[in-house]
Amino acid sequence: MSESGQKAGRDVVIYGGAQGLILLGSLVSFPILTRALSVAEYGTLALANTTAIIMIALAKSGASTSFLRHHAEAREAGPDSVTNLCATTFWMVAGFALLLAVLLSSTVSMTTFSESLISDKLMLVVAVLFVSGALRDMAYAFYR
């Protein structure tokens with residue numbers, strides 16, 4: 001098998017294995033959570049999860065696609081260009097995600113929304129999750 005074929009096979013095993021572990025974790029945790037949590041608690045968990053997913057997409061704002069599009073040009077220009085592209089993309093996404101986290105947390109803490117649906121402390125966890133999720137997705141783009 002060629003070197004590129006071995007690399008592609010290894011990547012398939014890594015990505016497929018990670019997705020398999022996530023699926024296995026979901027199959028184990030779902031029945032436990034549905035029995036351990038009340039309907040309101042499960043709804044709050046679903047709201048927090050959905051908020052994190054939407055905020056990750058907003059925080060990335062197409063940066064991974066832009067990075068992948070410009071990576072070939074940067075590679076042709078030299079290693080310094082690739083380093084600058086990675087650093088710029090990383091700090092742009094990190095800064096925007098942190099700004100969104102602060103705005104989201106402060107907005108929730110200043111409104112009555114937190115009293116009825118989701119607590120301030122849970123929103124801080126969501127903020128940390130979506131900042132780390134946005135940075136994780138950018139790391140995947142860098143790896144690609």
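1. In this note, contact means heavy atoms within 4.5 Å, and in that sense Phe30, Leu33, Thr34 and Ala36 in helix 1 meet Glu41, Tyr42 and Leu45 in helix 2. The residues of this contact divide into five nonpolar, one polar and one charged. The model under discussion is a predicted one.

2. On the geometry of that pair, helix 1 (residues 3-36) packs with helix 2 at an angle of about 130°, and their axes lie 8 Å apart. Helix 1 and helix 2 are therefore oblique to each other, since the roughly antiparallel class takes angles over 145 degrees.

3. As to the overall make-up, the secondary structure of the protein chain comes to six helices and zero strands, and from the N terminus on the elements run α-α-α-α-α-α. The radius of gyration of the protein chain is 19 Å, well over the 15 Å that the globule rule gives for 144 residues, so the chain is more spread out than a compact globule. The C-alpha trace spans about 55 × 35 × 15 Å along its principal axes.

4. Two chain-wide totals belong beside these dimensions. Of the 144 residues in the protein chain, 24% are buried, while among the contacts with a separation of 6 or more, 73% are accounted for by residues 24 or more positions apart.

5. Turning to a second helix pair, helix 3 (residues 63-77) and helix 4 (residues 79-110) pack at an angle of about 160°, with 8 Å between their axes. Because angles over 145 degrees count as roughly antiparallel, helix 3 is placed in that class relative to helix 4. The crossing of helix 3 and helix 4 is right-handed.

6. The residues that make the contact are, from helix 3, Ala63, Phe67, His70, His71, Ala74, Arg75 and Ala77, and, from helix 4, Ser81, Val82, Leu85, Cys86, Thr89, Met92 and Val93. By residue class, the contact of helix 3 with helix 4 divides into nine nonpolar, four polar and one charged.

7. A single residue, Leu58, deserves a separate point; its place is in helix 2 (residues 39-60). Is Leu58 buried or exposed? Leu58 falls between the two, being partly exposed with a relative accessible area of 41%, because buried means under 20% and exposed over 50%. Leaving aside residues up to four places away in sequence, Leu58 touches Phe96 and Leu100. The C-alpha atoms of Leu58 and Ser109, which are 51 residues apart along the chain, are separated by 21 Å.

How values were computed: Residues numbered from 1 in each chain as written. Predicted model: local features only at pLDDT ≥ 70, side-chain atom pairs only at ≥ 80, totals over all residues. Heavy atoms only, no water. Axes fitted to C-alpha atoms, helices over the stretch in contact; angles between N-to-C directions. Helix = DSSP H or I, 4+ residues; strand = E, 2+ residues; numbered from the N terminus. Parallel < 35°, antiparallel > 145°, perpendicular 65-115°, else oblique. Left-handed = near helix turned anticlockwise from the far one by under 90°. Nonpolar A, V, L, I, M, F, W, Y, C, P; charged D, E, K, R; others polar. Rg over C-alpha atoms; globule rule 2.2 N^0.38 Å. Buried < 20%, exposed > 50% of the residue type's maximum accessible area, 1.4 Å probe, protein only.
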